[in-house]
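Student: Please take me closely through one part of this structure. I would like to see how its strands pair and what packs around them.

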Amino acid sequence: GSTTEVEAHTLSAKTDATNGYSVTVKGGTLSFGTTTIPGLGATSSTSNPGTEQFGLRMTAAGGSGAVNSIYAGSGFAFAASTSTASQVASSTVGDNATTTYSVRYLVNIAGTTRSANYTTNLVYIITANF
């Protein structure tokens with residue numbers, strides 16, 4: 001593992017819809033079979049090595065978009081599930097200007113966490129708000 005953060009990927013969003021857009025994420029936490037690493041929930045939390053944690057955080061650059069407060073700043077959160085989407089970012093205006101969102105993920109494990117290749121499938125959805 002590493003304590004050095006790196007950008008996992010970027011998302012770009014823009015619209016000319018009158019009331020902007022919303023960006024959501026949907027998907028489960030990390031798992032291997034029936035073993036899962038719990039998501040942090042809807043509260044921004046700090047990294048705590050030695051405990052099982054899965055979360056994400058984002059930053060926004062350009063345009064009029066902003067990151068939802070639980071996913072912004074120095075903490076991490078993960079309030080989505082396979083059946084429930086969590087809003088991660090939005091814009092309230094349709095200025096047709098591109099906002100680039102940088103996404104970072106946090107995964108910590110406990111000393112007793114089963115060794116395996118944990119995976120997840122996260123889907124990001126942008127919806128225009130007319």
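Tutor: Start with strand E7, residues 66–67, which pairs with E9 in the antiparallel sense over 2 bridges. A strand (E) here is a DSSP run of at least two residues, numbered from the N terminus. Two strands pair if DSSP finds at least two bridges between them. Within this pair, Val67 stands opposite Ala89 of E9. This is a predicted model, where local features need pLDDT of at least 70 and side-chain atom pairs count only at pLDDT 80 or more, while totals for chains, interfaces and linings use all residues. Residues are numbered from 1 along each chain as its sequence is written, and side-chain values use heavy atoms, with hydrogens and water left out.

Now look at another partner of E9. E2 and E9 run antiparallel and are joined by 5 bridges. Thr24 has Gln87 in E9 as its bridge partner. Put these strands together and you get an open sheet of 4 strands, in the order E7-E9-E2-E11, with antiparallel pairing. E7 and strand E11 (123–128) stand at the edges. Each has a single partner strand, so one side of each is left without a neighbour in the sheet.

Stay on E9 and pick out Ser86, which lies in this strand. Is Ser86 buried or exposed? Ser86 counts as buried because its relative accessibility is 7%. The cut-offs are these: buried means under 20% relative accessible area, exposed over 50%, and partly exposed in between, using a 1.4 Å probe and protein chains only. The Ser86 side chain makes a polar contact with the side chain of Tyr71, at 2.8 Å. A polar contact is a pair of N or O atoms within 3.5 Å; within protein, one must be able to donate a hydrogen and the other to accept it, and residues adjacent in sequence count only if both atoms are side-chain atoms. Setting aside neighbours within four places in sequence, Ser86 is in contact with Val23, Thr24, Val25, Tyr71, Ala79 and Ala80. Contact means heavy atoms within 4.5 Å.

Follow that link to Tyr71. Residues up to four places away in sequence are not counted here; among those that Tyr71 touches are Leu56, Met58, Phe78, Ser86 and Val88. Tyr71 also belongs to the largest nonpolar core, which has 21 residues. Such a core is a set of buried Ala, Val, Leu, Ile, Met, Phe, Trp, Tyr and Cys residues joined through side-chain atoms within 4.5 Å. Phe54, Leu56, Met58, Tyr71, Phe78, Val88 and Tyr101 touch the most other members. Five strands each supply at least two residues of this core: E2 (21–26), E6 (53–61), E8 (76–78), E9 (86–91) and E10 (99–108).

Next, turn to E10. E6 and E10 run antiparallel, joined by 9 bridges. There, Thr59 has Ser102 of E10 as its bridge partner. Strand E1, residues 9–13, is also antiparallel to E10, with 5 bridges between them. Ser12 is matched with Thr100 in E10.

Thr99 is found in E10 too. Thr99 counts as buried because its relative accessibility is 0%. The Thr99 side chain reaches the backbone nitrogen of Gly65 at 2.9 Å. Not counting residues up to four places away in sequence, Thr99 touches residues including Leu11, Ser12, Tyr21, Ala60 and Gly65.

E10 has a further role: with 5 residues, E10 gives the most to the lining of the largest pocket. That pocket has 18 lining residues, and Ser2, Thr3, Tyr105, Leu106 and Val107 lie nearest its centre. On a 1 Å grid over the protein atoms alone, a pocket is an open set of points with protein on both sides within 12 Å along at least five of seven lines, where a 1.4 Å probe fits; lining residues have an atom within 4 Å of a point.

Finish with a loop beside E9. Thr82 lies in the loop between E8 and E9. Thr82 is exposed because its relative accessible area is 63%. Leaving out neighbours within four places in sequence, Thr82 is in contact with Lys26, Gly27 and Gly28. Thr82 and Leu122 are 40 residues apart in sequence, and 8.6 Å apart in space from C-alpha to C-alpha.
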